[in-house]
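Hi everyone, thanks for coming along. I'd like to walk you through one structure today, so let me put it up on the screen.

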Amino acid sequence: MPDCLFCNIVRGEIPCHKVYEDERVLAFLDIQPVNPGHVLVIPKTHSANMVHMAPEDLHAVMDAVQKIAPALLRAVGFEGFNLGVNTGAAAGQVVFHTHFHVMPRRPGDGYELWHGTEAGDLAAMAEKVRGAL
Ligand code: AMP
Ligand code: ZN
C-alpha cells in the first residue's frame with residue numbers, strides 16, 4: 001500500500017519512535033498521545049481494519065500488546081491502560097491500516113469512557129446478533 005501512512009512507517013520511509021518490533025508487528029509512540037506513553041501496535045502487513053487481518057497477524061499483535069503493556073506502565077508509572085481499536089470512520093478511525101491503541105491510564109487523568117444507555121430488549125438483541133453470525 002504505497003500511500004498508506006503506517007505502511008510507510010513500516011518500510012522506514014516515515015520516521016517513528018519505535019518501542020517494539022518483531023517479524024509481524026511494529027509498535028511506536030502515537031504523535032498525539034492521550035496520555036504519556038500512548039503506543040500504537042500494528043501488523044506489518046497492511047489491512048484496513050482488524051476484521052480484515054490475517055488471524056496470524058491478529059494473534060501476533062495481541063501477543064505484542066500483552067508483552068508491551070506491562071512494560072509501558074512500568075516505564076511511565078501509570079496504573080492501567082485502555083486498549084482501543086477504532087474500526088470504521090463512524091468509530092473514529094482516521095488511519096486505515098489496522099492499529100491498536102495502548103493508552104496508559106491513571107485515576108483522575110480526566111478521561112471518561114462512554115456511559116451505558118437503556119438496555120431495551122436484550123433477549124431480542126442477542127437473538128438478532130446470533131442470527132447474523
Ligand atoms: P485512529 O483515529 O484510530 O485512526 O488513530 C490514528 C492515530 O494515529 C491517532 O491517534 C494519531 O495521533 C496517530 N498518528 C497519525 N500519524 C502518526 C504518525 N506519523 N506517527 C505516529 N502516530 C500517528
Ligand atoms: Zn498500510
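Before we look at anything, one cut-off: a residue is called buried when its relative accessible area is under 20%, and exposed when that value is over 50%. Please also keep in mind that this is a predicted model.

With that cut-off in hand, let me begin at the C-terminal part of the chain, with helix H3, residues 122-132. How many of the 11 residues in H3 are buried? The count is 0, so by the cut-off I just gave, not one residue of H3 falls under 20% relative accessible area. Helix H3 is hardly covered, in other words. The N-terminal end of H3 does have a cap, and that is Asp121. A side-chain oxygen of Asp121 lies 3.3 Å from the backbone nitrogen of Ala123.

Now let's step back to the chain as a whole. We have 133 residues, and buried residues make up 35% of them. There are 3 helices and 5 strands. If you read along the sequence, the pattern is α-β-β-β-α-β-β-α. As for dimensions, the C-alpha trace spans about 50 × 40 × 25 Å along its principal axes.

On to the ligand. Ligand 1 takes up the space of the largest pocket. Which elements give two or more residues to the shell around ligand 1? Those are helix H1, residues 5-10, and strand E2, residues 25-29. The largest share comes from H1, with 3 residues.

There are 16 residues around ligand 1, and the ones that come nearest are Asp30, Gly92, Val94, His99 and His101. Sorted by character, the shell has 9 nonpolar residues, 6 polar ones and 1 charged one.

Let me show you some polar partners of ligand 1. Start with Val94, where a polar backbone atom is 2.7 Å from an oxygen atom of the ligand. Then there is His99: an N or O atom in the His99 side chain is 2.7 Å from an oxygen atom of ligand 1. And Asn86 has a polar side-chain atom that lies 2.9 Å from a ligand oxygen. How much of ligand 1 does the protein cover? On its own, ligand 1 has 510 Å² of accessible area, and the protein covers 85% of that.

Let's stay with helix H1 for a moment, and move along to the loop after it. Asn8 is found in H1, and at 13% relative accessibility Asn8 counts as buried. The side chain of Asn8 makes a polar contact of 2.5 Å with the side chain of Arg11. Arg11 has a second partner to look at, Glu13, with a polar contact of 3.2 Å joining the two side chains.

Glu13 itself sits in the loop between H1 and E1. Is Glu13 buried or exposed? Glu13 is exposed, because its relative accessible area is 52%. Gly12 is found in the loop between H1 and strand E1, residues 18-21, too. Gly12 counts as exposed because its relative accessibility is 57%.

For a sense of distance from this loop, take Gly12 and Ala124: they are 112 residues apart in sequence, and 49 Å apart in space, C-alpha to C-alpha. Glu13 and Pro36, with their positions 23 residues apart in sequence, are 25 Å apart by C-alpha.

Two more loop residues, and then I'm done. The first is Asp109, in the loop between strand E5, residues 100-105, and H3. Asp109 is buried, because its relative accessible area is 18%. What does the Asp109 side chain contact? One partner is the side chain of Arg105, in a polar contact of 2.7 Å. The Asp109 side chain also reaches the backbone nitrogen of Tyr111, at 3.1 Å.

The other is Asn35, which lies in the loop between E2 and strand E3, residues 39-43. Asn35 counts as buried because its relative accessibility is 10%. Asn35 and Glu79 are 44 residues apart in sequence, while their C-alpha atoms are 12 Å apart in space.

That's my tour. Thanks for listening, and I'm happy to go back to any part of it.

Key: Residues numbered from 1 in each chain as written. Chains lettered and ligands numbered in written order. Predicted model: local features only at pLDDT ≥ 70, side-chain atom pairs only at ≥ 80, totals over all residues. Heavy atoms only, no water. Near = heavy atom within 4 Å. Polar contact = N/O pair within 3.5 Å; in protein donor to acceptor, adjacent residues only side chain to side chain. Areas by Shrake-Rupley, 256 points an atom, 1.4 Å probe, with all protein chains shown as cover. 1 Å grid on protein atoms, 1.4 Å probe; cavity = no way out; pocket = protein on both sides within 12 Å on 5 of 7 lines; lining within 4 Å. Sits in = over half its atoms within 2 Å of the grid points. Helix = DSSP H or I, 4+ residues; strand = E, 2+ residues; numbered from the N terminus. Nonpolar A, V, L, I, M, F, W, Y, C, P; charged D, E, K, R; others polar. Buried < 20%, exposed > 50% of the residue type's maximum accessible area, 1.4 Å probe, protein only.
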